Every structure is written in structure tokens, then in C-alpha cells.
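Open the model in a viewer and keep the selection tool at hand. The stops below say what to select next and what is there.

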Amino acid sequence: MNIILERQSRKPIYLQIRDRISHLIKSGALKAGDRLPSIRALAESLQVNKLTIIEAYSVLEADGIIAARQGSGYFVSSVTSSCSNLKSTFSPVQNVMILESLGNGSYYDTYTPLIHAQTQPGIINFGYGYPPPPKDINQIARRALKQEDTDILFRYDLPQGQVNLCKQIAQMLVQQGLEVYPENLIITNGSQQGLSLAMNYYVQPGDWVIVESPTYYGAISILENLGARIIGIPMTAEGINLNLLEQYLRSHSPKLIYTITTFHNPTGLTTTQVHRQQLLALAEKYECPILEDNAYEGLHFEPVPAPIKALDKHDLVTYLGTFSKTLLPGLRVGYMVVTGKHYPAIIERKFLHDFHTSSISQAIVSEYLASGHYRRHLNRLRTDNLQSRNAMLQALERYFPEEARWTVPQGGLFLWVQLPDDIPIQTLRNEALAENVFIACSSAFFPDKQGYPAMRLTFRLSIEEIETGVEIVGRLLKKHIRRGVKPVVNYQPLAHSI
């Protein structure tokens, strides 16, 4: 295998190796099923350290381009990222949604059916997006408990989290482009607690808050419970509509912007670096804090831009992350990056809320990070997710009507299917459930359950479940299309009057 390295280049050697092998595969010089050189052989051939080759192979594996076989080495993956349509057709009408009083939604009422469906045998659950438990979880948990003094694990701890775990997370975030110190971190009971702490800090009853429309329904519920007034700025294929965002920043003086910049929940979209810079510039201009929720950031198929927090020079951005979507949801370990004057105030709120996050859960996550198991687990998860995403895209093309449109996420766990305007989405959901398929309807993701018909589908399922479930939902959709519904209205990027 001919790989020429530029030793004086600023690009790391492992990325040069990654790019060359990727080119050989895409050009057809290496075909599906071909075995790659062993780590030792390629390291000797290129005169580099074996760790460099391991790094390059790990990135290729995370990209889904190659796959490891136990005891046999690395092979070109038989499932590539190619689909007949990798271009998003997501194009919603740009309607701003304003919720001035408490809505009619309930996080509990939305969340519990998802959990209930997960416990029912035979249900294909497109609404529940969590990773499978790591196979080595018992081993890592036992090791974590052995290495820690049990007296330390079972007594009160610091509200901001264990020092060692904060250092490990800070190091992990630095690799994502964030200039973070352990002193900027607060360990939380999942990112849901981080949402609640931040929103309770920034928002008072009656305050205006801007959210993306659609957005994560848990965030909407917290804001409703706070008595906030919500402005839902519509999403375009590039992210939140920045023209409309500025219009409402100017007219309503909101106290907070809530955004999910990477693998947006529910659409799966990821904003560009330019979009992030522009959003931050608007927030600075109108002096409006940003709450950046990136729960799915580690699940990328290709590199993503650095978070908005990485660009923040004025302590305007609070950043949220979690291990619930990448490791285990039941551990309930998330984290906040809080800088400047906001840190002590949020720490006090955390302390009054629950003293501290479970010391045992923190110890288990810390052991995963220290041992290198977390990185290998993420690589496997990304590879599996990419294959599942591709299977879902192919199934959507086969079984869904041409009137439906969907996003093509480059990571995360979900994609978003936009439906014709007259599709009775609740009826469709009930019909699908009667055939043992559970879907998450769009209404939960809009303020006051307004918004166009759509569904959020997780691809964190087996290939067989995806094929069967998409075929059933597609058949039901076509039945409603045949009855006659209006087509989806194209996105018109016009500024709306207030």
C-alpha cells in the first residue's frame, strides 16, 4: 500500500494516513473485504510509531470505512456511507411560534410512553434513542469500585464533582476545541439537570426565551414550568433562522437562547462554523446568553465544528454535555461548562438541589475515561450507528412516499421526517402502534404542540428492525397520501412580521 507522508506538514501524521487509506478505498484500489496491513507492518513500512497507526485505524473505524475483526485485523467495511440520496430535503415553512402562557404539554406524559414501549416485547421503538450497554460495563464497574476507597464513595462529595473526573472531562473537551479547565466544570445528574440549573439561573417568570423550532421537548417543559414566555424560531436546513432570530432579539429582549448545535434533537442537523459564529455575534450584539446543549456531540461520523462555547470570549455561553447518550443513561452523569461570574451561582443551585452527583457513577465514568475503554466504545458505537443510519436512509427511499422529506444527520441518534401538511400525525402514530411500531410525533417538539406534521426516528436499532418498521410506517403513510393530502410547502426564507 503506497502511502506518502509529508513529514513537515502541519497536518498530523495519523490524519495523513487516514486520508490516504480513505482515498484508496473510495477510488476502488481497496475493495470491500480487503484486509489492511497489520499495525506493526504498516508502522514499520512508514517508519512511524505503532500508536500512530492505531490512531489512524481508529478514526477510519469511527468513520465506518474499515472494521476490526477479532483476532484477524482490520478490513475494508462492506457497509459504506454511500446511499442513493445523502442530501437532506428538509425544507419547512418559516413560521415563528410564540407561547405566552403555560402550554398544554407535559414532559412526563411525553417521556413515559417511550419508556413503556421500550419494555414491551415485540415493539419496534423508533422513539427511544440510547446506546446499548457496553459489554465490559460489569468489569469496568468492579475495577472502579476496587480502585476507590469505599469510604470516599459513600460519603458526601463536592457539588461540582470529583476532581479527577473534572480533569478527565476537561482534557476530552480540549480535543473538541474547547479551552476548558477543571475549575469550569460542574458534574450533573445527566444533562437534564444541567438544563434545569441553567434555565432556573438565567430565566425568571415572564421572561422571553428563544428556542429552536422544533427542539428538545424536555427543555420546553422546563421553561413552561418556570413560567417563561417562549419564542420558537424555525429551523432551516442550515440551523436556526438567523434573520428571524435577530428580529426577535431586537423586538423582545429575550433572557436566553437555547440551542443544540451538533446533531440537533430532533432534526439531527449540525450547524456550520460560520453559522455558529454568526449566532454568537448576534447574542453578543443583543447581550443575550446562550445555553448550548450538545448531548450527542461524541457520536459523529465525521469531524464537526468546535462548539459555540469555544468561540466565547465574554462568558456568554453555558455548555452542556452528557455520558447518557454515549455510555449509559442510567449512570446519570452529565456536565456543564460554566465560566466567569455564573459559576459560583450555579454551583450553589446544584448544591441546594441534590448536594452532588452519585460518587459511584462518577467513579465508573472516570475509570472508562482513564482506561481507554471509552474511546474504543465510542469508535464501535459510531461504526454501528453509521451502518444503521445508512440502512434507515435506504429503507426510507424504498418505502416512504416521495412527498416525505428527511434530514441526513452526520452523527447522533435521530433523523427527522417532514410530512405533507394534512397528514393526521396522531392517527398515524396510533395505526403504527397497532402494528407494534412506536414513533415520536412532531407535536411534542414544538412550543404548545404547534407545528407541521413530522416524526423523529432513531436509527439506534438493528437493521432488521429498521427495515420492518420503516416498511410498516411507509405503507401507512401511503394510505393517507392516497386519500389526498396537500403537499409539503417549500421553505420561503422571508422575514416574518411581529
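On this tour, buried means under 20% relative accessible area, exposed means over 50%, and partly exposed lies in between. The model is predicted.

Begin with phenylalanine 400: its relative accessibility is 5%, under the 20% limit, so phenylalanine 400 counts as buried. Add tryptophan 406, which is buried with a relative accessible area of 7%. The two ring centres are 6.5 Å apart and the planes stand at 80°, so phenylalanine 400 and tryptophan 406 make an edge-to-face pair.

The structure holds 15 aromatic pairs. For another of them, select tyrosine 296 and phenylalanine 414, an edge-to-face pair with 5.7 Å from centre to centre and 80° between the planes. This pair links distant parts of the chain, 118 residues apart: tyrosine 296 is in the loop between β10 (290–293) and β11 (317–322), and phenylalanine 414 is in strand β14 (residues 414–418). Both tyrosine 296 and phenylalanine 414 are buried.

Keep phenylalanine 414 selected and add arginine 456. The charged end of arginine 456 sits over the ring of phenylalanine 414, 3.8 Å from its centre. A second such arrangement is found at phenylalanine 75, where arginine 69 lies over the face of the ring at 3.8 Å from the ring centre. For one aromatic cluster, select Tyr216, Tyr217, Trp416, Phe445, Phe446 and Tyr452.

Next, select helix α10 (residues 242–252). Which of its residues are buried? They are Leu242, Leu244, Leu245, Gln247, Tyr248, Leu249 and His252. Their cover includes strands β3 (97–99), β6 (208–213), β7 (229–236), β8 (239–240) and β9 (256–259), along with helix α11 (273–285). At the start of α10, look at asparagine 241, which has a side-chain oxygen within 3.1 Å of the backbone nitrogen of asparagine 243. After α10 comes serine 253, with a positive phi near 45°.

From α10, move to the largest nonpolar core, which has 62 residues. Leu195, Met199, Ile210, Leu245 and Tyr258 touch the most other members. Centre the view on isoleucine 210. Beyond its neighbours within four places in sequence, isoleucine 210 has contacts that include Ile231, Ile233, Leu245, Tyr248, Leu249 and Tyr258. A second, separate core of 36 residues includes Ile137, Leu153, Leu165 and Leu185.

Now turn to charged pairs; there are 12 salt bridges. Select arginine 229 and glutamate 100, whose closest N and O atoms are 3.9 Å apart. Arginine 229 is in strand β7 and glutamate 100 in the loop between β3 and α4 (107–119), so the salt bridge ties together parts that are 129 residues apart in sequence. Arginine 229 is partly exposed at 25% relative accessibility, whereas glutamate 100 is exposed at 54%.

Return to α10 for glutamate 246, which meets lysine 285 in a salt bridge of 2.9 Å, N to O. The link runs from helix α10 to helix α11, across 39 residues. Glutamate 246 is partly exposed at 21%, and lysine 285 is exposed at 55%.

Finish in helix α16 (residues 463–482) with arginine 475 and glutamate 471, which are about one helical turn apart because four residues separate them in sequence. Their side chains meet in a salt bridge (3.7 Å, N to O). Arginine 475 is partly exposed at 36%, and glutamate 471 is partly exposed at 28%.

Key:
Residues numbered from 1 in each chain as written. Predicted model: local features only at pLDDT ≥ 70, side-chain atom pairs only at ≥ 80, totals over all residues. Heavy atoms only, no water. Phe/Tyr/Trp six-rings, centres within 6.5 Å; stacked < 30°, edge-to-face > 60°. Helix = DSSP H or I, 4+ residues; strand = E, 2+ residues; numbered from the N terminus. Buried < 20%, exposed > 50% of the residue type's maximum accessible area, 1.4 Å probe, protein only. Lys NZ or Arg CZ within 6 Å of the ring centre and 35° of its normal. Contact = heavy atoms within 4.5 Å. Polar contact = N/O pair within 3.5 Å; in protein donor to acceptor, adjacent residues only side chain to side chain. Core = buried A, V, L, I, M, F, W, Y, C linked by side-chain atoms within 4.5 Å. Salt bridge = Lys/Arg side-chain N within 4 Å of Asp/Glu carboxyl O.
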